[in-house]
Amino acid sequence: MTYKVKLLLSGITFETQQQQTILDAALAQNIAFPNRCQVGACGMCLCRLKTGTIEYQLQPMLTEKEQAQGWVFACQAYATTDLVLTFEE
Ligand code: FES
């Protein structure tokens, strides 16, 4: 299963495969997606989910409020639908 991920503002769109994190999918397609640790610790890859749904194998450290605001760790998240993401607060 393949899902489309759209990044707001830049308008960049890329595809993510099943079993591929959002960050891995972006980097595999040479998209400059912010990242550092790639293990859910540094927060560099944080972005906000505008539409769509994701899942984690390991739940990252996000407060309920942050989750409600749509914050996502792209290095840990797997798309379960097409997504629209933004780096805006
Ligand atoms: S790259 Fe460090 S938390 Fe995702």
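A polar contact is taken here as a pair of N or O atoms within 3.5 Å; within protein, one atom must be able to donate a hydrogen and the other to accept it, and residues adjacent in sequence count only if both atoms are side-chain atoms. By this criterion, the side chain of Thr16 reaches the backbone oxygen of Gln20 at 3.3 Å. The model is predicted, so to speak of local features pLDDT of at least 70 is needed, while side-chain atom pairs count only at pLDDT 80 or more and totals for chains, interfaces and linings use all residues. Residues are numbered from 1 along each chain as its sequence is written, and side-chain values use heavy atoms, with hydrogens and water left out.

Thr16 makes a good starting point for a tour. This residue is found in strand β2 (strands, E, of at least two residues and helices, H or I, of at least four are DSSP runs, numbered from the N terminus). Thr16 is buried, with a relative accessible area of 1% (buried means under 20%, exposed over 50%, and partly exposed in between, with a 1.4 Å probe and protein chains only). Beyond neighbours within four places in sequence, its contacts (heavy atoms within 4.5 Å) are Met1, Thr2, Tyr3, Val5, Thr21, Ala25 and Ala79. Phe14 shares the covered face of β2 (residues 13-17) with Thr16, whereas Thr13, Glu15 and Gln17 make up the uncovered one. In a regular strand the side chains alternate between the two faces of the sheet.

Strand β2 runs antiparallel to β1 (residues 2-7), and five bridges join them; strands pair if DSSP finds at least two bridges between them. Thr2 stands opposite Gln17 in β2. The hairpin of these strands has five residues between them, and there Leu9 takes a positive phi near 75°.

The wider sheet is open and of mixed pairing, with five strands in the order β2-β1-β7-β3-β5. Because β2 and β5 stand at the edges with a single partner strand each, one side of each is left without a neighbour in the sheet. Strand β3 (residues 46-51) pairs with β7 in the antiparallel sense over three bridges, and Thr51 has Val84 as its bridge partner in β7.

The largest nonpolar core (buried Ala, Val, Leu, Ile, Met, Phe, Trp, Tyr and Cys residues joined through side-chain atoms within 4.5 Å) has 23 residues, of which Leu7, Phe14, Ile22, Phe33 and Ala74 touch the most other members. Helix α1 gives the most to this core, with four residues. Outside its neighbours within four places in sequence, Phe33 has contacts that include Leu7, Ile22, Cys45, Ala74 and Phe87.
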